[in-house]
Amino acid sequence: MKEFIIDGIVDTLKLLPYLLVTFIILEFIEHKFSNKSKKILTENKKYGPILGGLLGGLPQCGFGVVASNLFSSKVITMGTVIAVFLSTSDEMLPIMLSERTNIGVILEIIGFKIIIGIIIGFIVDLIIRDKGKIEVEEVCHKEHCHCDHENLFISSIKHTLKIALFILIANLLINTIIFKIGEENLSNLLLNKNILTYFIASLIGLIPNCASSVIITELYLSELITIGTLLSGLLTGCGLGLLVLFRTNKNIKENITILSVIYVVGVIVGIIVDIFI
């Protein structure tokens, strides 16, 4: 149990730089950018899924947290945050590298996730039109702070610490639940090779903890699950991104839409991949 507590603290500390940089950007946009500059940012949102997919493909789950905060402030579109979530690899890359997996296989998986993220991101933005207005002040209102009267860096640090505390508590809670359930029991859920496996893998991937991607990747490397099942779990495995999204974005309907899209894509892509590969 002690190990799980330490992991929760370490995972939270890893995200601090990402959180701080994100809130500095948001504060800068709100207080330093002119209306003309904000308009330029808004008009170029349509290219967001490309950048989101590429950044999400980098081996850091922190980008999901960054994307959640930026989406909550309407700096990026729903398609962009979904692109980041779908392309995020979390612990998959370091595990595969440590197991000396063929680099070509690793690049194929990462590239596939990036392409899926970008495609789905653009589709979502075509269907769900962006409101356009950047609403950084909404984050401040939700946190009950007084950013207008504070130094940019001080208010950024305050936001960072508040979100970090939330993440730490959530991390400890989730780690405790996983400890009680047992990673072996979670693994066993994926060993029944039938249609439900894809639904279960996508569900496990949604767990906002690195344990989910670790379990799914290890089972694949042990040849106990298929490539489709692996992708079902990895596509939905966006780390703490979803958790922060529900914390910072007041529009619950949007949050549920994002969650649903990610889950459905994970299931469908996994099934299709196993049928044709």
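Thr80 has a relative accessibility of 6% and therefore counts as buried, in a model that is predicted. This residue belongs to helix α5, and, once its neighbours within four places in sequence are left aside, Thr80 is in contact with Lys45, Gly48, Pro49, Gly52 and Asp125.

**The protein as a whole**

The protein that surrounds this residue contains 15 helices and zero strands. Of its 277 residues, 51% are buried, while the accessible surface of the protein amounts to about 13500 Å², with 68% of that area belonging to carbon and sulfur atoms. Among contacts with a separation of 6 or more, 82% are made by residues 24 or more positions apart.

**Links between distant parts of the chain**

The structure holds one salt bridge, which is formed by Glu254 and Lys74, whose closest N and O atoms are 2.9 Å apart. Because Glu254 lies in helix α15 (residues 252-276) and Lys74 in the loop between α4 (62-72) and α5 (78-87), the pair ties together parts that are 180 residues apart in sequence. Both partners, Glu254 and Lys74, are buried.

Helix α15 also contains Ile271, and this residue offers another example of a link across the sequence, since Ile271 and Tyr198 are separated by 73 residues in sequence but by 6.9 Å in space, taken from C-alpha to C-alpha. Apart from its neighbours within four places in sequence, Ile271 is in contact with Ile195 and Tyr198.

**Helices α12, α13 and α14**

How are helices α12 and α13 arranged with respect to each other? The axes of α12 (residues 210-221) and α13 (residues 227-236) come within 10 Å and cross at roughly 170°; angles over 145 degrees count as roughly antiparallel, and the two helices are therefore roughly antiparallel to each other. On the α12 side the residues that meet the partner helix are Ser213, Ile216, Thr217 and Tyr220, and on the α13 side they are Ile227, Thr229, Leu230, Gly233 and Leu234.

Helix α14 (residues 241-248) has six of its eight residues buried, so this helix is largely enclosed by the rest of the structure. Those buried residues are Gly241, Leu242, Leu243, Val244, Leu245 and Thr248.

**Exposed positions**

At the surface, Ile115, Ile119, Ile123, Leu126, Ile127 and Ile128 form a nonpolar patch, and together these residues have about 580 Å² of accessible area. One of them, Ile127, is found in helix α7 (residues 103-127), and with a relative accessibility of 66% Ile127 counts as exposed.

Two loop residues can be set side by side, for each has a positive phi although it is not a glycine, as stated for Arg100 and for Glu223. Their places, phi values and relative accessibilities are listed here.

| Residue | Place | Phi | Relative accessibility |
|---|---|---|---|
| Arg100 | loop between α6 (92-98) and α7 | near 55° | 79% |
| Glu223 | loop between α12 and α13 | about 60° | 68% |

Are these two residues buried or exposed? Arg100, at 79% relative accessibility, counts as exposed, and Glu223, at 68%, counts as exposed too. The loop that holds Glu223 lies between α12 and α13, the two helices described above as roughly antiparallel to each other, whereas Arg100 lies in the loop between α6 and α7, and α7 is the helix in which Ile127 is found.

Note on methods. Residues numbered from 1 in each chain as written. Predicted model: local features only at pLDDT ≥ 70, side-chain atom pairs only at ≥ 80, totals over all residues. Heavy atoms only, no water. Patch = residues over 30% accessible without salt bridge, like charges linked within 9 Å, V, L, I, M, F, W, Y side chains within 5 Å. Areas by Shrake-Rupley, 256 points an atom, 1.4 Å probe, with all protein chains shown as cover. Salt bridge = Lys/Arg side-chain N within 4 Å of Asp/Glu carboxyl O. Helix = DSSP H or I, 4+ residues; strand = E, 2+ residues; numbered from the N terminus. Buried < 20%, exposed > 50% of the residue type's maximum accessible area, 1.4 Å probe, protein only. Axes fitted to C-alpha atoms, helices over the stretch in contact; angles between N-to-C directions. Parallel < 35°, antiparallel > 145°, perpendicular 65-115°, else oblique. Contact = heavy atoms within 4.5 Å.
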